[in-house]
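I opened this model to look up how its parts pack together. My entries follow in the order I checked things.

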Amino acid sequence: MATRTQVRVFSRVEDLFEAAAAEFILTSNAAVRQHGRFSVALSGGSTPKSLYSLLASKPAGTVPWGETLFFFGDERHVPPDHPDSNYRMANEAMLSLVAVPNHVYRIPAEDPDAALAAQRYESTLRQVFRSQGNEIPRFDLILLGIGPDGHTASLFPHSSALHEKSRLVVANWVQKLQTDRITFTFPLLNSAAKVLFLVAGRDKASAVEAIFNPDSDPDEFPAKRVNPASGEVLWLVAADAAAQLKNV
Ligand code: 6PG
């Protein structure tokens, strides 16, 4: 089944975050109604911080925090208290402010061996989702951003993780940053029921155009490869980042 993709452009970035929060609230409550819990992979960087703060400010009962399983789509190879840690950002902006019991599954990126940290995280994922054999966990929602180079999660252009076909979480050496990252791979991303991209910033306009350009190279613009076979993708894009998009 083709991926259902929708793009919504916002002239006010505040409206983008309100729409993202509404989507998160709708999806989380629907998942809890359908199967008693909501599994979400949070994205890192700076864009989602406003969404996380907004969600944390919602009245009690709006978000089913107690039934939510929090994972992370990628992590920098740093300890959880490091300024670059995606976990630290999400914890400060949201997780530490809401009643979330022990359903936060952090990538153990403090492990000096990034590949081992990735392996450990994948086995945690499989345990929590009770995956059998080669079954791939299906997230109710995966949040993603993109960089100006078209990377998503920590799947950077021309990096080795782009062609991973079986592992769900890997360490990925990022040449231009001269560092390892730990990231979900496309098999896991593309098993999601819903992917929500949040994109803002003029510096992303050319990457956004390339991602929607059928002739561009997915190794050059990895976010282009996010196409859940039986899921949907919703892009919430600020007007500055959508400036080069045609007919939206
Ligand atoms: C990370 C993210 C990464 C992020 C993009 C956009 O670890 O940095 O997972 O994929 O989503 O780089 O980052 P900004 O939101 O900071 O522009």
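**Entry 1: Phe184.** The model is predicted, and I kept that in mind throughout. I began with the contacts of Phe184, leaving out neighbours within four places in sequence. Phe184 contacts Ala41, Phe72, Gly73, Tyr121, Leu125 and Phe139. The list goes on with Ile142, Leu155, Leu168, Val169 and Leu189.

**Entry 2: the core.** I then looked up the largest nonpolar core, and it has 82 residues. Phe184 appears again here: with Phe71 and Phe197, Phe184 has the most contacts inside this core. Helix 1, residues 13-35, gives the largest share of the core, eight residues.

**Entry 3: the sheet.** I traced an open sheet of six strands. Their order is 1-9-8-5-2-3, and the pairing is parallel. Strand 1 (4-10) and strand 3 (68-72) are the edge strands, each pairing on one side only. From one strand to the next the twist averages 15°.

Next I asked which helices pack on this sheet. Helix 1 does, touching strand 1, strand 2, strand 3, strand 5 (141-144), strand 8 (194-199) and strand 9 (232-238). The direction of helix 1 makes about 165° with that of strand 8. Helix 4, residues 114-129, also packs on the sheet. Helix 4 touches strand 2 and strand 3, and its direction makes about 160° with that of strand 3.

**Entry 4: strand 2.** I wanted to know how strand 2 (residues 38-42) is held and covered. Five bridges join strand 2 to strand 3, and the two run parallel. I found Val40 opposite Phe70, and Ala41 opposite Phe71.

Is strand 2 enclosed or open? Buried here means under 20% relative accessible area. Five of the five residues of strand 2 are buried, so the strand is largely enclosed by the rest of the structure. Both faces are covered. Phe38, Val40 and Leu42 are buried on one side, and Ser39 and Ala41 on the other.

**Entry 5: rings.** I counted aromatic pairs and got 11. I picked Phe24 and Phe38 for a closer look. Their ring centres are 5.3 Å apart and their planes are at 85°, so I logged the pair as edge-to-face. Phe24 lies in helix 1 and Phe38 in strand 2, so the pair ties together parts that are 14 residues apart in sequence. Phe24 and Phe38 are buried.

One aromatic cluster takes in Phe71, Tyr105, Tyr121, Phe129, Phe139 and Phe184. I also looked for charges over rings. The charged end of Arg37 sits over the ring of Phe129, 5.4 Å from the ring centre. The charged end of Arg106 sits over the ring of Tyr87, 5.7 Å from the ring centre.

**Entry 6: helix 2.** Which residues of helix 2 (residues 48-56) are buried? I listed Pro48, Leu51, Tyr52, Leu54, Leu55 and Ala56. Their cover includes helix 1, strand 2, helix 3 (86-93), strand 5 and strand 8.

**Entry 7: Ser159.** I finished in the loop between strand 5 and strand 6 (169-174), where Ser159 lies. Is Ser159 buried or exposed? The relative accessibility of Ser159 is 6%, so Ser159 counts as buried. Not counting residues up to four places away in sequence, Ser159 touches Asn172 and Trp173. I also checked Val174: Ser159 and Val174 are 15 residues apart in sequence and 6.6 Å apart in space, C-alpha to C-alpha.

Definitions and conventions: Residues are numbered from 1 along each chain as its sequence is written. This is a predicted model: local features need pLDDT of at least 70, side-chain atom pairs count only at pLDDT 80 or more; totals for chains, interfaces and linings use all residues. Side-chain values use heavy atoms; hydrogens and water are left out. A nonpolar core is a set of buried Ala, Val, Leu, Ile, Met, Phe, Trp, Tyr and Cys residues joined through side-chain atoms within 4.5 Å. Buried means under 20% relative accessible area, exposed over 50%, partly exposed in between (1.4 Å probe, protein chains only). Helices (H or I, at least four residues) and strands (E, at least two) are DSSP runs, numbered from the N terminus. Contact means heavy atoms within 4.5 Å. Two strands pair if DSSP finds at least two bridges between them. Axes are lines fitted to C-alpha atoms, for helices over the stretch in contact, and angles run from 0 to 180 degrees between N-to-C directions. Rings of Phe, Tyr and Trp (its six-membered ring) pair if their centres lie within 6.5 Å; planes under 30 degrees apart count as stacked, over 60 as edge-to-face and the rest as tilted. A charge sits over a ring if NZ of Lys or CZ of Arg is within 6 Å of the ring centre and within 35 degrees of the ring normal.
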